[in-house]
Amino acid sequence: MARAQIGIYGLGTMGSALALNMAEHGFDVAVTNRERDWIADFVKEAGPLADKLHPEDQLEDFVARLKTPRVILFMIPSGAPMDAMIGTITPLLEAGDTIIDGGNADFHATRRRAAKMAEHDLHFVGMGVSGGEKGARHGPSMMVGGTDHSWQQLKPILRAIAARFEGDPCVDHLGPDGAGHFVKTVHNGIEYADMQMIAEVYGILRNGASRSPAQISDMFARWDKGRLKSYLIEITAKVLAHTDPDTGHPMVDVIKDAAGQKGTGRWTVVEAVRLGQSANMIEAAVGARSWSSEKTARMAAERILGGARGTLDLDDDTLADAFLAARILGYAQGFRILAAASQEYDWSLDFARIAEVWRAGCIIRSALLDDISDAFRGSDLAEGQLILAPKMAQVLETCIPALRQVVAAAIAGGHAVPALGAALAFFDTMRQGYGTANIIQAQRDFFGYHGFERLGQEGKHHGPWWT
Ligand SMILES: NC(=O)C1=CN([C@@H]2O[C@H](COP(=O)(O)OP(=O)(O)OC[C@H]3O[C@@H](n4cnc5c(N)ncnc54)[C@H](OP(=O)(O)O)[C@@H]3O)[C@@H](O)[C@H]2O)C=CC1
Ligand SMILES: O=C(CO)[C@H](O)[C@H](O)COP(=O)(O)O
């Protein structure tokens, strides 16, 4: 009986694509699934790759199929299903075996699971996988958190199947236990902000400049050839170019304006706040999705409050500069959260390497990430502050006026730009060495005798309003 180098449990969209990717790279992969009927069908549909896939219906046989120490990748919903599967499979494993959760998981749960499995000399890896179904099949970006022992087991397989940027595989061991899942969570937070800002630019052009989806598609397609080149711009251009086969209308016009969310954007915001940060652009994007789902309330508000929006006269170059500045600020917020978490959990995250792992395969891949990795590699940026990197500061200096112009025009015309507006608020707050929190300190002392720190003097002070 051929022994497989890795086992995959969960042959849904992502698990089946990863299994085929591994098989194509010459690895023997044991496969199984909760719904057993699908296992044989999946292998049958794999064509010539079927020789490298080893289907098993029973969990015991699946585990027995694997070389030891074993490596088992779960591609199932995180949360209760993952805990249940850990409970079922643990008695079948031996010291030194590794279980990987490749789903989008709350990193707190990953840390808890890793600690629990370590009690049995078992290893638990939290691995962020990005790139959707196509990425998983032909080259995802992967963010690994776990022990060195697990990384040594996984490295040859993951480096072989990963996306490549100029030959460099977009995968790495980023830290222990929850580090990989945390980095993937923040990746998704950045993804939320970037998607929302693209939607806002679309809204400005559609509602403020009466441009057709096809015209906006052309602009995004042009952007995708220059400094704004990125997967999300590319797919938005493609989406806007499509026509609904049923009605002949632009496809986007028959899609309801209410977007769902599975949790990673919200987790990013919650963790940012827990770490004493604010990721206001990501929060704006999460909030915008929530508001989008309040369709009935919005329709009522349009009737009662009026939905009129003014005409905007913004050229494509101004919009492009504005978007570039805002995109840098979105990445910057993500890296600030990573820096805070790295300190809190003692992960020693390598920000340059994270940017490199995101350069290909993942949803937020963009031309900027190579510059971002250079910025982190070239200097010791305090607390991961990307906006202080000379190259980024230079681009911001050039492009912020455009962002100001776009946000000001949009707000004056009644167009909602929550994420672009948040980008500017973040930038304007961070560039003030002396801000306005002196007033907050004074207010807190006035109403609650909380005391305040005073410039040039140690200790806690109270204002003359108490004498
Ligand atoms: N789709 C995407 O673009 C991405 C998804 N992910 C993550 O990957 C994971 C899998 O997603 P995806 O492949 O899209 O999901 P699918 O819905 O396509 O597949 C889900 C898989 O999980 C199995 N499953 C569901 N519930 C249970 C359970 N209680 N016990 C055991 N197995 C169960 C299903 O088995 P059955 O066939 O029996 O229902 C199926 O194999 C998720 O955590 C998701 O967040 C990560 C990155 C991108
Ligand atoms: O991880 C992903 C992409 O990177 C998944 O597609 C995820 O589902 C996206 O999040 P949401 O469903 O909340 O938009």
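# Close-up views of a predicted model

**View 1. Around ligand 1, helix α1 gives the largest share of the shell: three residues.** Keep in mind throughout that this is a predicted model. Ligand 1 has 21 residues around it, and the closest of them are Gly12, Arg34, Glu35, Pro81 and Gly103. Three elements, α1, α4 (80–89) and β6 (123–130), each bring at least two residues to this shell. By character, the shell splits into nine nonpolar, 10 polar and two charged residues.

**View 2. Ligand 2 sits among residues drawn from two domains.** Here the surrounding residues are Asn104, Ser130, Gly132, Asn188, Glu191, Gln261, Lys262, Thr264, Gly265 and Ile363. Domain 1 (6–177) and domain 2 (185–430) each put at least three residues into the shell. If you look for helices, α8 and α11 (264–274) each supply at least two of the residues. The make-up is one nonpolar residue, seven polar ones and two charged ones.

**View 3. Eight strands line up in an open sheet.** Reading across, you pass β3, β2, β1, β4, β5, β6, β7 and then β10, and the pairing is mixed. The edge places go to β3 and β10 (171–175); each has a single partner strand, so one side of each has no neighbour in the sheet. On average, and ignoring direction, neighbouring strands of this sheet are turned by 25° against each other. Over at the β10 edge, four bridges hold β10 and strand β7 (residues 141–145) together in a parallel pair. In that pair, methionine 142 faces valine 171 of β10.

**View 4. Strand β2 (residues 29–32) is covered on both faces.** On one side you find Val29 and Val31, on the other Ala30 and Thr32, and all of them are buried. Strand β1 (residues 6–9) runs parallel to β2 and is joined to it by four bridges. Within this pairing, isoleucine 8 stands across from valine 31 of β2. To get from β1 to β2 the chain goes through helix α1 (residues 13–24), and this β-α-β crossover is right-handed. Next, β2 pairs with strand β3 (residues 53–55), again in the parallel sense, over three bridges. Valine 31 turns up here too, standing opposite proline 55 in β3. A right-handed β-α-β unit is made by β2, helix α2 (residues 37–45) and β3.

**View 5. A cis peptide bond leads into proline 69.** The bond in question runs from threonine 68 to proline 69, with omega near -10°. Most residues other than glycine have a negative phi, and most peptide bonds are trans. As for the setting, proline 69 belongs to the loop between α3 (59–64) and β4 (71–74).

**View 6. Two residues other than glycine, aspartate 121 and serine 210, have a positive phi.** For aspartate 121, phi is near 60°. You'll find aspartate 121 in the loop between α5 (107–118) and β6. Aspartate 121 counts as exposed because it has 11 C-beta neighbours inside 10 Å, and the cut-off for exposed is 12 or fewer. Serine 210 has a phi of about 50°, and its place is the loop between α8 (179–208) and α9 (213–223). Serine 210 is exposed as well, since 10 other C-beta atoms lie within 10 Å.

**View 7. Leucine 319 is a buried residue of helix α14 (residues 316–345).** Why does leucine 319 count as buried? There are 22 other C-beta atoms within 10 Å of leucine 319, and 20 or more is what it takes to be buried. Valine 407 is 88 residues away from leucine 319 along the chain, and their C-alpha atoms are separated by 10.0 Å.

**View 8. Stepping back, the chain is assigned three domains.** These are domain 1 (6–177), domain 2 (185–430) and domain 3 (441–466). How many ångströms separate the centres of domain 1 and domain 3? Taken over C-alpha atoms, the separation is 55 Å.

Notes
Residues are numbered from 1 along each chain as its sequence is written. Chains are lettered from A and ligands numbered from 1 in the order in which they are written. This is a predicted model: local features need pLDDT of at least 70, side-chain atom pairs count only at pLDDT 80 or more; totals for chains, interfaces and linings use all residues. Two strands pair if DSSP finds at least two bridges between them. A crossover is right-handed if, with the strands pointing away from the viewer, the path from the first strand over the helix to the second runs clockwise. A residue is near a molecule or strand if its C-beta atom, placed from the backbone, lies within 6 Å of it. Ala, Val, Leu, Ile, Met, Phe, Trp, Tyr, Cys and Pro count as nonpolar, Asp, Glu, Lys and Arg as charged, and the others, Gly among them, as polar. Domain bounds come from an automatic or database domain assignment. Axes are lines fitted to C-alpha atoms, for helices over the stretch in contact, and angles run from 0 to 180 degrees between N-to-C directions.
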